[in-house]
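Hello,

Here is the structure we talked about handing over. Please look it over first; my notes on what I found follow below.

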Amino acid sequence: MGQAPYGNIKKHGSNQYAHRFSWEMHFGPIPKGLRVLHSCDTPLCIRPDHLFLGTQLDNMRDCAKKNRWRNQFSVSSPKAQAAAMAPHTSEGKFA
Ligand SMILES: [Zn+2]
């Protein structure tokens, strides 16, 4: 854990580290044990103003609060990826 080189983002076949990379680009290293979470409920979002640090517990609590569980499956769809790159607000509504 925590040793994955960012150059392997594509090798993993997923963008799951893209938001972490974005955070480090803007704010510096992510403290060990913390995760980069989204205030906008868009898993692939990499906008620094939509990201914040939290623990796994925070993440789970945040997910529950936003009722995100049932939306997890859509992350890998092209539509979801397009949505992540589109302008949107931290309320999760697309502008
Ligand atoms: Zn966002």
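**Overall layout**

Along the sequence, the elements of the protein chain come in the order α-β-β-α-α. That makes 3 helices and 2 strands. Please keep in mind that this is a predicted model. The protein chain has an average pLDDT of 76, and 67% of the residues reach at least 70. Of its 95 residues, 14% count as buried. Among contacts in the protein chain with a separation of 6 or more, 42% are between residues 24 or more positions apart.

**A stretch to treat with care**

Over residues 7-13 the pLDDT stays under 50, and the model has 4 contacts for this stretch beyond four places in sequence. Where pLDDT is low, the predicted coordinates should not be read in detail.

**Three buried residues**

I went through three positions: one in a helix, one in a strand and one in a loop.

Trp23 sits in helix α1, which covers residues 18-27. Is Trp23 buried or exposed? Trp23 counts as buried, because it has 21 C-beta neighbours inside 10 Å, and the cut-off for buried is 20 or more. Setting aside neighbours within four places in sequence, Trp23 contacts Ile30, Val36, Pro48 and Leu51. Phe52 is 29 residues away from Trp23 along the chain, and their C-alpha atoms are separated by 8.3 Å.

Leu37 belongs to strand β1, residues 35-38. With 20 other C-beta atoms within 10 Å, Leu37 is also buried. Which residues does Leu37 touch, not counting those up to four places away in sequence? They are Phe52, Gly54, Asp58, Asn59 and Asp62. Between Leu37 and Thr55, 18 residues apart along the chain, the C-alpha separation is 8.7 Å.

Pro43 is in the loop that runs between β1 and β2, the latter being residues 51-54. Although it lies in a loop, Pro43 is buried, since 21 other C-beta atoms lie within 10 Å. From Pro43 to Ala18 the C-alpha to C-alpha distance is 9.9 Å, and the two are 25 residues apart in sequence.

**Where to start reading**

If you have time for one part, take Trp23 in helix α1 and its contacts, which include Val36 and Leu51. Then go to Leu37 in strand β1, whose contacts include Phe52 and Gly54. Leave residues 7-13, with pLDDT under 50, for last.

Regards

Definitions and conventions: Residues numbered from 1 in each chain as written. Predicted model: local features only at pLDDT ≥ 70, side-chain atom pairs only at ≥ 80, totals over all residues. pLDDT = per-residue confidence, 0-100. Contact = placed C-beta atoms within 7 Å. Helix = DSSP H or I, 4+ residues; strand = E, 2+ residues; numbered from the N terminus. Buried ≥ 20, exposed ≤ 12 C-beta atoms within 10 Å, placed from the backbone.
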